[in-house]
Amino acid sequence: MDPKIAGRLKRTRDGLVAVVVQQHDSGEVLMLAWMDDEALHRTLSTGRATYWSRSRGEYWVKGDTSGHVQWVKHAALDCDGDTILLQVDQVGAACHTGDRTCFDATPLEVTIT
């Protein structure tokens, strides 16, 4: 990975950076995932979204098992260096539950005072 990018990353104690995944053309937020340096390198060099699975303790390329591929269109690091925005072309469902997005299952009520 480019040392300039690696130098800007602010990682968790586990060496991870949060990744917000967004549909590139609609702006729809699809999911939140985690990357370490190697996952980010693989993502940037292949154009396929690759993440670190905290629960399985291994890398996973989105769509290798499900067929629901994420083709990377754009990647950006936020101003603090602790979050990556990944804009993708999502093929099929983004969520492991089979939903298009991980954020449409349980809306929370907002009370404005």
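Here are some numbered notes on this predicted model, meant to be read with the structure open beside you.

1. **Strand β1 and its cover.** A good place to start is β1, residues 17-23. Of the 7 residues in this strand, 6 are buried, so β1 is largely enclosed by the rest of the structure. If "buried" sounds vague, here it means under 20% relative accessible area. Keep β1 in view, as the next two points start from it.

2. **β1 with β2.** Strand β2 covers residues 29-35, and it pairs with β1 in the antiparallel sense over 6 bridges. You can check the direction by eye with two pairs of residues. V17 stands opposite M35 in β2, while Q22 stands opposite V29 in β2. So where does the chain do something special in the hairpin of β1 and β2? Look at G27, which takes a positive phi near 85 degrees; the hairpin has 5 residues between the strands.

3. **β1 with β6.** In which sense do β1 and β6 pair, parallel or antiparallel? They pair in the parallel sense, over 6 bridges. Strand β6 runs over residues 83-90, and a handy landmark is V20, which stands opposite L85 in β6. While you're looking at strands, here's a general tip: in a regular strand the side chains alternate between the two faces of the sheet.

4. **Helix α2, seen from L40 and L44.** Helix α2 spans residues 37-46, and L44 belongs to it. L40 lies in helix α2 too. Are these leucines covered up or out in the open? L40 is buried, with a relative accessible area of 5%. L44 is partly exposed, at 43%. What does L40 touch, leaving aside its neighbours within four places in sequence? Its contacts are M1, I5, L9, M35 and I84. As for L44, this residue joins M1 and I5 in a nonpolar patch on the surface, and together the three have about 220 Å² of accessible area. So M1 and I5 turn up twice: as contacts of L40 and as members of that patch. For a sense of scale, take L40 and T111: their C-alpha atoms are 38 Å apart in space, and the two residues are 71 apart in sequence.

5. **Salt bridge D37 to R11.** The model has 5 salt bridges by the count used here. In one of them, the side chains of D37 and R11 meet with N to O at 2.8 Å. D37 sits in helix α2 and R11 in the loop between α1 (3-8) and β1, so this pair ties together parts that are 26 residues apart in sequence. D37 is partly exposed, at 27% relative accessibility, and R11 also counts as partly exposed, at 33%.

6. **Salt bridges D64 to R48 and E58 to R56.** D64 forms a salt bridge with R48, and their closest N and O atoms are 3.0 Å apart. D64 is in the loop between β4 (58-61) and β5 (70-77), whereas R48 is in the loop between α2 and β3 (50-53), so the pair links parts 16 residues apart in sequence. The two partners contrast in cover: D64 counts as exposed at 54% relative accessibility, but R48 is buried at 18%. Another salt bridge joins the side chains of E58 and R56, at 3.4 Å from N to O. E58 is partly exposed, with a relative accessible area of 39%.

7. **The UniProt "binding site" residues.** An unreviewed UniProt entry lists D78, D80 and D82 under "binding site". D80 is found in the loop between β5 and β6, and D82 is placed in the loop between β5 and β6 as well. D80 counts as partly exposed at 40% relative accessibility, and D82 is partly exposed at 34%. Not counting residues up to four places away in sequence, D80 touches R8 and K10. With such neighbours left aside, D82 is in contact with K10, V17 and A18. Notice that K10 appears in the contacts of D80 and of D82.

8. **The UniProt domain.** For residues 31-103, the unreviewed UniProt entry gives "domain: Phosphoribosyl-AMP cyclohydrolase". How much of that stretch is helix and how much is strand? The chain there is 14% helix and 40% strand. Its end C-alpha atoms are 7 Å apart.

Methods. Residues numbered from 1 in each chain as written. Predicted model: local features only at pLDDT ≥ 70, side-chain atom pairs only at ≥ 80, totals over all residues. Heavy atoms only, no water. Patch = residues over 30% accessible without salt bridge, like charges linked within 9 Å, V, L, I, M, F, W, Y side chains within 5 Å. Areas by Shrake-Rupley, 256 points an atom, 1.4 Å probe, with all protein chains shown as cover. Salt bridge = Lys/Arg side-chain N within 4 Å of Asp/Glu carboxyl O. Helix = DSSP H or I, 4+ residues; strand = E, 2+ residues; numbered from the N terminus. Buried < 20%, exposed > 50% of the residue type's maximum accessible area, 1.4 Å probe, protein only. UniProt positions renumbered as here; feature names shortened; annotations may be inferred. Contact = heavy atoms within 4.5 Å. Pairing = 2+ DSSP bridges.
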